[in-house]
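Here is a friendly walk through one protein model, from a few chosen residues out to the whole chain. Keep the viewer open as you read.

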Amino acid sequence: LGFVAEQARISILGLLLFTWGVIAFTAGPRWARSAAFPLAFMVFAIPFNALDSAGFWLRMWVVGASARIAHGLGIAVLVNGTQLLSPDGRYNYDVAAACSGVRSLVALSALSLLIGYIRFRPRWLVAAMFALSFPLIYIGNVVRIVAIVVAAQLGGQGWGDTAHEVMGYGVFAIVLGGVICIA
């Protein structure tokens, strides 16, 4: 079906399902159960363009929350769509599509699922670890944007750019640290 429709994603899903079927029919049900998670986990390697629209809303939520926190800290910041602007022109940041958190959403939700699978036996706990990654990813992205705005307010655009680079890793530390601590 994927070949006929020229949809690589469907072909990849078909290949994964076929691989699981070969294992199930040749090695038996025990091997099929053992191979189900690793093969299903491979779905995270398939790029999904549908997440781009979710990325827009994630950007809007992160920008709104970051602006409210900055105002709470006494930092005057203007919001124009996905832009955060200083009223005096000291900095101007646009939360671009690449910084929306969708990439970290996929990567960190996959890592959270893997941590849950390795750590817990009951499937509801594995699912809970996976679900836990979503609010932590949101919090991590808000912390990142607030750190950039605070740094830019204190030291100008240069400090904000440095915070942007550093906090790219900070989001991963926040989310994985939270998931590991809760696990």
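## A loop residue, Met42

Met42 sits in the loop that links helix H2 (29-41) to H3. This is a predicted model, so everything below is computed from its coordinates. With a relative accessibility of 43%, Met42 is classed as partly exposed, because that class runs between the 20% limit for buried and the 50% limit for exposed.

Try picking Ala110 as well: 68 residues separate Met42 and Ala110 along the chain, and their C-alpha atoms are 9.6 Å apart.

## Two buried residues of helix H3

Ser66 belongs to helix H3, which covers residues 51-72. Is Ser66 buried or exposed? Its relative accessible area is 3%, so Ser66 is buried; the cut-off for that label is under 20%. What lies 2.7 Å from a polar atom of the Ser66 side chain? The partner is the backbone oxygen of Val62. Once neighbours within four places in sequence are set aside, Ser66 has contacts with Val142, Ile145 and Val146.

Ala70 is also found in helix H3. Ala70 has a relative accessible area of 3% and is therefore buried. Which residues does Ala70 touch, leaving aside its neighbours within four places in sequence? They are Ile75, Val77 and Val149. For the pair Ala70 and Val149, the sequence separation is 79 residues, while the C-alpha to C-alpha distance is 7.5 Å.

## Pro122, between two helices

Moving along the chain, Pro122 occupies the loop between helix H4 (102-119) and helix H5 (123-155). Its relative accessibility is 35%, so Pro122 counts as partly exposed.

Where is Pro87 relative to Pro122? The two prolines are 35 residues apart in sequence, and the distance from C-alpha to C-alpha is 52 Å.

## The fold as a whole

Zooming out, the protein contains 6 helices and 3 strands. In sequence order these elements give the pattern α-α-α-β-β-β-α-α-α. The protein is more spread out than a compact globule, because its radius of gyration of 21 Å is well over the 16 Å that the globule rule gives for 183 residues. Measuring sticks in your viewer should agree with the extents: the C-alpha trace spans about 70 × 40 × 25 Å along its principal axes.

How much of the protein is made up of buried residues? The share is 35% of the 183 residues. Among contacts with a separation of 6 or more, 61% join residues 24 or more positions apart.

## Surface and charge

The accessible surface of the protein amounts to about 10,800 Å². Carbon and sulfur atoms account for 71% of that area.

How many charged side chains of each sign are there? The protein carries 11 positive and 6 negative side chains. The centres of these two sets are 21 Å apart.

Technical notes: Residues are numbered from 1 along each chain as its sequence is written. This is a predicted model: local features need pLDDT of at least 70, side-chain atom pairs count only at pLDDT 80 or more; totals for chains, interfaces and linings use all residues. Side-chain values use heavy atoms; hydrogens and water are left out. Helices (H or I, at least four residues) and strands (E, at least two) are DSSP runs, numbered from the N terminus. The radius of gyration is taken over C-alpha atoms; the globule rule is 2.2 Å times the number of residues to the power 0.38. Buried means under 20% relative accessible area, exposed over 50%, partly exposed in between (1.4 Å probe, protein chains only). Contact means heavy atoms within 4.5 Å. Accessible areas come from the Shrake-Rupley method with a 1.4 Å probe; for residues, only the protein chains shown count as cover. Lys and Arg count as positive and Asp and Glu as negative; His and the chain ends are not counted. The place of a charge is taken as NZ of Lys, CZ of Arg, CG of Asp or CD of Glu. A polar contact is a pair of N or O atoms within 3.5 Å; within protein, one must be able to donate a hydrogen and the other to accept it, and residues adjacent in sequence count only if both atoms are side-chain atoms.
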